[in-house]
Amino acid sequence: MKLTAIFIIIISFFTLIDISFSEEVFNISISPDGSKAVVYKKIGIDIVNLNTQEIIFFIPASHVNRIDSIWSSNSEYVGIAMQDASIEIWNVNDGILVTTLIGNPQGSRINALEWHGNQLYSMTFEGSLLIWDMTTYEYTHSFSIGGNDLEINPNGDKLAIASFFNIAILDLNSMTLESFAQQTEQILSVDWSPDGQKIASSS
C-alpha cells in the first residue's frame, strides 16, 4: 500500500485528521492509547503525534531493513523487528534507542510480534518463539514453534499462535504449549473474542 496522506477517523469524536507527507507512505500503526502513530516510509519511520499532527521524531530505518513493529501496552515504546532478526526498542517520547533485543537465530525472519505488560513475544517463520522480559531486556523462555501471528487473550494469560496449519495455545502461567485446532489451509491470523472463550482465524 503506497499513500501520500493519512486520513484517520476518530469515531468517538467524529473528527478527521489529515496528515500529509511529501513521500510515499507504506503502512501505519496506531498506539493503544490512540495518541501516536508509526508511519512507515521508504527511507525510515516517522513517529507522529496524532493530537498535534506533528512528527515527534524520525527513525532512519530503510524499508529493506525493517519488517514489523509493535507498541508497548502503555504507548511509551515501540519495538521494530529488523531483517537481521533483532528488535530495536525506541522510547517514542524522546526518540532514544533504548536497547536492541538479540536472541533470535541468525538468518531467521521475525514473522509476528506481541507486547503485553512487561513481556514481549517474538516468533520467527523458521520456528523460534521467544518471550522477552522488558524490564531486563533478556528472553526468559524459548519454544520451538513458528508461524504467522500471535495474539494475547483479554485476560492476558494465554497466547494464541497461528502456526501454519495449526492453532496452538501457550498458557502463560504454566508455560505449557498445546495444540488447539488444525485447518487444511495455512492460518494467517488469529484473534480472541472479547470474553476470551473463542478464537477466530483467517486463511
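Okay, a definition to start: two strands pair if DSSP finds at least two bridges between them. Strands here are DSSP runs of E, at least two residues long, and helices are runs of H or I, at least four residues, both numbered from the N terminus.

With that in hand, look at β16, residues 166-171: six bridges join this strand to β17, and the two run antiparallel. One pairing to click on is Asp 171, whose bridge partner in β17 is Thr 176.

Quick caveats. This is a predicted model, so I should say that local features need pLDDT of at least 70 and side-chain atom pairs count only at pLDDT 80 or more, while totals for chains, interfaces and linings use all residues. Residues are numbered from 1 along each chain as its sequence is written, and side-chain values use heavy atoms, with hydrogens and water left out.

Back to the sheet. β16 and β17 belong to an open, antiparallel sheet of four strands, ordered β14-β15-β16-β17. At the edges sit β14 (149-152) and β17 (176-182), each pairing on one side only. From one strand to the next, the twist averages 25°, using axes that are lines fitted to C-alpha atoms (for helices, over the stretch in contact) and angles from 0 to 180 degrees between N-to-C directions.

Zooming out, the chain has 19 strands and zero helices. Of its 203 residues, 45% are buried, and buried means under 20% relative accessible area, with exposed over 50% and partly exposed in between (1.4 Å probe, protein chains only). Take the contacts with a separation of 6 or more, a contact being heavy atoms within 4.5 Å: residues 24 or more positions apart account for 31% of them.

Now side chains. How many salt bridges does the structure hold? Just one, where the term means a side-chain nitrogen of Lys or Arg within 4 Å of a carboxyl oxygen of Asp or Glu. The partners are Lys 41 and Asp 46, at 2.7 Å, N to O, and both of those residues are buried.

Last, aromatics. Searching the whole structure turns up three aromatic pairs. One has the ring centres of Trp 132 and Tyr 139 5.5 Å apart and the planes at 80°, so that's edge-to-face. For the cut-offs, rings of Phe, Tyr and Trp (its six-membered ring) pair if centres lie within 6.5 Å, and planes under 30 degrees apart are stacked, over 60 edge-to-face, the rest tilted. Trp 132 is buried at 1% relative accessible area, whereas Tyr 139, at 40%, counts as partly exposed.
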